[in-house]
Every structure is written in C-alpha cells, then in structure tokens.
Amino acid sequence: MTFDPIKEVVLFHDAVNRLDYAVIEDYFAEDATYTSNGVGSLSGRDEIMAAFRKYFDDYPDQTAFNTLVERVSPNAGRAVWSVRATHSKTGKPLVREGEETLTFNEDGKVTHVEVKDYQAF
C-alpha cells in the first residue's frame with residue numbers, strides 16, 4: 001500500500017478539529033519539529049503537544065477547514081486553511097488563514113510541520 005500524504009494530512013487535521021489529543025500525539029515522531037511564524041520553533045513531541053494544549057485552552061471553540069490539500073512529495077502534504085476561534089478568557093475573535101506542510105517519515109509519523117500564517121495573529 002502506497003503512503004498517501006494527502007490522506008494523512010486530512011486525518012491529522014480531523015483529529016485536531018476533534019481535539020483528539022491521543023491521536024494528535026500519536027501522529028508525531030518523538031523528535032518532530034514544528035515551526036510557525038506565529039509560534040516560533042518547537043522541538044520534540046512533548047514540547048509540541050504542550051503548545052497544542054495551551055493553544056486549545058485559549059481557543060477551545062476553534063473551527064478550521066482546508067481549502068486545498070495537495071501532495072508536495074511522496075512523504076509530505078500541504079494544506080491551505082482558514083481558522084475561526086474565540087479566546088476563552090478575553091472573548092476576542094481570532095481569524096487566521098495560512099498554510100501548513102507536514103513531512104512524514106517511513107512509519108507515517110510527522111517529523112516536521114511548517115506553518116505559514118498569511119497575517120500576524
């Protein structure tokens with residue numbers, strides 16, 4: 001069976017939309033890295049998951065959808081997305097648009113995520 005990065009990006013984003021932390025964590029390789037112009041650079045599954053939990057504590061009502069998911073290599077997929085959320089403490093709305101490239105290893109684990117927000121948030 002051939003690895004399909006498009007399918008895996010969609011499944012990963014589905015887990016994020018459900019806030020299924022067990023599935024999200026299982027997607028990441030232990031030594032994964034995560035870079036974002038909004039968050040900075042994170043190293044390792046534990047640090048990435050701590051950031052995910054903090055973000056979703058702040059924005060538990062986030063709704064996100066992909067407008068495009070494409071294969072960029074045999075082991076990487078790119079999604080263009082839009083996010084809407086409300087800060088849990090301030091009530092301030094958050095609107096984000098951007099893209100995310102996920103790179104997978106031979107075991108189907110995410111080794112790197114690169115997020116590019118199209119505007120500051």
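Helix α3 gives the most to the lining of the largest pocket, contributing six residues. Helices, like strands, are DSSP runs numbered from the N terminus (H or I and at least four residues for a helix, E and at least two for a strand). The structure is a predicted model, in which local features need pLDDT of at least 70 and side-chain atom pairs count only at pLDDT 80 or more, while totals for chains, interfaces and linings use all residues. Residues are numbered from 1 along each chain as its sequence is written, and side-chain values use heavy atoms, with hydrogens and water left out.

The pocket itself is a good place to begin a tour. A pocket is found on a 1 Å grid over the protein atoms alone, as an open set of points where a 1.4 Å probe fits, with protein on both sides within 12 Å along at least five of seven lines; its lining residues have an atom within 4 Å of a point. About 500 Å³ of space lies in the largest one, the volume being the space filled by probe spheres set on the points, which are joined across faces, edges and corners. The lining of the largest pocket comprises 25 residues, and Tyr-34, Tyr-55, Phe-56, Gln-62 and Arg-96 lie nearest the centre. Two or more residues each come from α1 (5-18), α3 (45-58), β3 (63-73), β4 (76-86) and β5. By type, the lining divides into 16 nonpolar, four polar and five charged residues. Here Ala, Val, Leu, Ile, Met, Phe, Trp, Tyr, Cys and Pro count as nonpolar, Asp, Glu, Lys and Arg as charged, and the others, Gly among them, as polar.

Arg-96 leads on to the charged pairs. Side chains of opposite charge can pair when their charged atoms come close. With a salt bridge taken as a side-chain nitrogen of Lys or Arg within 4 Å of a carboxyl oxygen of Asp or Glu, a search of the whole structure finds ten of them. In one, Arg-96 meets Asp-117, with the closest N and O atoms 2.8 Å apart. Asp-117 belongs to strand β6 (residues 110-117) and Arg-96 to strand β5 (residues 93-104), so this pair ties together parts that lie 21 residues apart in sequence. Relative accessible area, computed with a 1.4 Å probe on protein chains only, sorts residues into buried (under 20%), exposed (over 50%) and partly exposed (in between). Both partners are buried: Asp-117 has 7% relative accessibility and Arg-96 has 10%.

Another salt bridge joins Asp-20 and Arg-18, at 3.4 Å from N to O. Asp-20 is partly exposed at 25%, whereas Arg-18 is exposed at 51%. Between these two in sequence comes Leu-19, in the loop between α1 and α2 (21-27). Leu-19 is not a glycine, yet its phi is positive, near 55°. Most residues other than glycine have a negative phi. The relative accessible area of Leu-19 is 27%, which makes this residue partly exposed.

A third pair brings the text back to strand β6, where Lys-116 is found. Lys-116 forms a salt bridge with Glu-114, the closest N and O atoms being 3.9 Å apart. Glu-114 is partly exposed at 34%, and Lys-116 is partly exposed at 41%. Apart from neighbours within four places in sequence, Lys-116 is in contact (heavy atoms within 4.5 Å) with Asn-37, Glu-97, Gly-98 and Glu-99. Lys-116 and Glu-99 are 17 residues apart along the chain, and their C-alpha atoms are separated by 5.3 Å. Elsewhere, salt bridges link Lys-54, Asp-58 and Lys-89 in a network.

Helix α1 offers a contrasting case in Glu-8. This residue is buried but has no salt bridge, the nearest side chain of opposite charge being that of Lys-7, 4.7 Å away. Lys and Arg count as positive and Asp and Glu as negative, with His and the chain ends not counted. Beyond its neighbours within four places in sequence, Glu-8 is in contact with Phe-3, Tyr-27 and Phe-104. Lys-7 and Gly-38 are 31 residues apart in sequence, with 26 Å between their C-alpha atoms. Gly-38 has its place in the loop between β1 (28-36) and β2 (40-43) and is partly exposed at 42%. Val-10 is also found in helix α1, and its relative accessible area of 32% makes Val-10 partly exposed.
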